[in-house]
Amino acid sequence: YLETKPLFSDAPHLFINGRCEMNGSIRAEIRDTWGNVWEGFGGPDCTPFTGDSIQHQMNWSGGTVVNEIPGAVKLRFILQNAELYGFGFGEA
């Protein structure tokens, strides 16, 4: 996994630039600054990304709008046979 330092989302959606090998995936978790996972935004709640895209919008069972979570957040990316080149917040 890869975890970011605390950051603020200035837009509603999280996008990734990544590529997965066969049977690979990328999931993302949204955590508070103490490392607690936001309900509905954990790894198991994340729809796994399994392709190759420069701008894939991440989705969770808790929703897709990450800037409604108050304060700074940490992102934890869980990679399995995958490469993450970048991420950012943006409009859909």
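Visitor: Let me start with one residue. Where is the place of H13?
Guide: H13 belongs to strand β2. Keep in mind that this is a predicted model.

Visitor: Is H13 buried or exposed?
Guide: Read the relative accessible area; buried means under 20%. H13 has 11% relative accessibility, so H13 counts as buried.

Visitor: Which residues is H13 in contact with, leaving aside its neighbours within four places in sequence?
Guide: Contact is read from heavy atoms within 4.5 Å. With those neighbours set aside, H13 touches Q57, T64, V65, V66, G88, F89, G90, E91 and A92. Take V65 from that list. In sequence, H13 and V65 are 52 residues apart. In space, their C-alpha atoms are 5.4 Å apart.

Visitor: What joins the side chains of H13 and Q57?
Guide: A polar contact of 3.3 Å joins them. The H13 side chain also reaches a backbone atom: the oxygen of T64, at 3.4 Å.

Visitor: Now the whole protein. How many helices and strands does the secondary structure come to?
Guide: There are zero helices and four strands. Read from the N terminus, the order is β-β-β-β.

Visitor: How does the radius of gyration of the protein agree with that of a compact globule?
Guide: Compare two values. A compact globule of 92 residues would have a radius of gyration near 12 Å. The protein has 12 Å, so the two agree. For the outline, picture a box of roughly 35 × 25 × 25 Å along the principal axes, filled by the C-alpha atoms.

Visitor: What share of the 92 residues count as buried?
Guide: The share is 41%.

Visitor: And what share of the contacts with a separation of 6 or more comes from residues 24 or more positions apart?
Guide: Such residues account for 75% of those contacts.

Visitor: Let us turn to charges. How many salt bridges does the structure hold?
Guide: First the general idea. Side chains of opposite charge can pair when their charged atoms come close. This structure holds five salt bridges.

Visitor: Which residue forms a salt bridge with R19 at 2.8 Å?
Guide: That partner is E21, and 2.8 Å is the distance between the closest N and O atoms. R19 is partly exposed, at 28% relative accessible area. E21 has 43%, so E21 also counts as partly exposed.

Visitor: Which residue forms a salt bridge with R19 at 3.2 Å?
Guide: E83 does, with its closest N and O atoms 3.2 Å from each other across the pair. This pair links distant parts of the chain. E83 sits in strand β4 (residues 74-90), R19 in strand β2 (residues 13-31), and 64 residues separate them. E83 is partly exposed, with a relative accessible area of 34%.

Visitor: Are R31 and E29 buried or exposed?
Guide: Both R31 and E29 are buried. They form a salt bridge with each other, and its closest N and O atoms are 2.8 Å apart.

Visitor: Which residues are joined into one network by salt bridges that share partners?
Guide: E3, K74 and R76 are. R76 has another position to note: R76 lies over the face of Y1, 3.9 Å from the ring centre.

Visitor: Rings next. How many aromatic pairs does the structure hold?
Guide: There are two aromatic pairs. Look at F41 and W60: their centres are 5.3 Å apart and their planes make 50 degrees, a tilted pair. F41 is in the loop between β2 and β3 (52-57), while W60 is in the loop between β3 and β4. They are 19 residues apart, and the pair links distant parts of the chain. Both rings belong to buried residues: F41 has a relative accessible area of 8%, and W60 has 6% relative accessibility.

Visitor: Why is the pair of F77 and F87 tilted?
Guide: Check the angle. Planes under 30 degrees apart count as stacked, over 60 as edge-to-face, and the rest as tilted. The planes of F77 and F87 are at 45 degrees, so the pair is tilted. The ring centres lie 5.3 Å apart.

Visitor: Is F77 buried or exposed?
Guide: F77 is buried, with a relative accessible area of 0%. Its partner F87 is partly exposed, at 36%.

Key: Residues numbered from 1 in each chain as written. Predicted model: local features only at pLDDT ≥ 70, side-chain atom pairs only at ≥ 80, totals over all residues. Heavy atoms only, no water. Salt bridge = Lys/Arg side-chain N within 4 Å of Asp/Glu carboxyl O. Buried < 20%, exposed > 50% of the residue type's maximum accessible area, 1.4 Å probe, protein only. Helix = DSSP H or I, 4+ residues; strand = E, 2+ residues; numbered from the N terminus. Polar contact = N/O pair within 3.5 Å; in protein donor to acceptor, adjacent residues only side chain to side chain. Phe/Tyr/Trp six-rings, centres within 6.5 Å; stacked < 30°, edge-to-face > 60°. Lys NZ or Arg CZ within 6 Å of the ring centre and 35° of its normal. Rg over C-alpha atoms; globule rule 2.2 N^0.38 Å.
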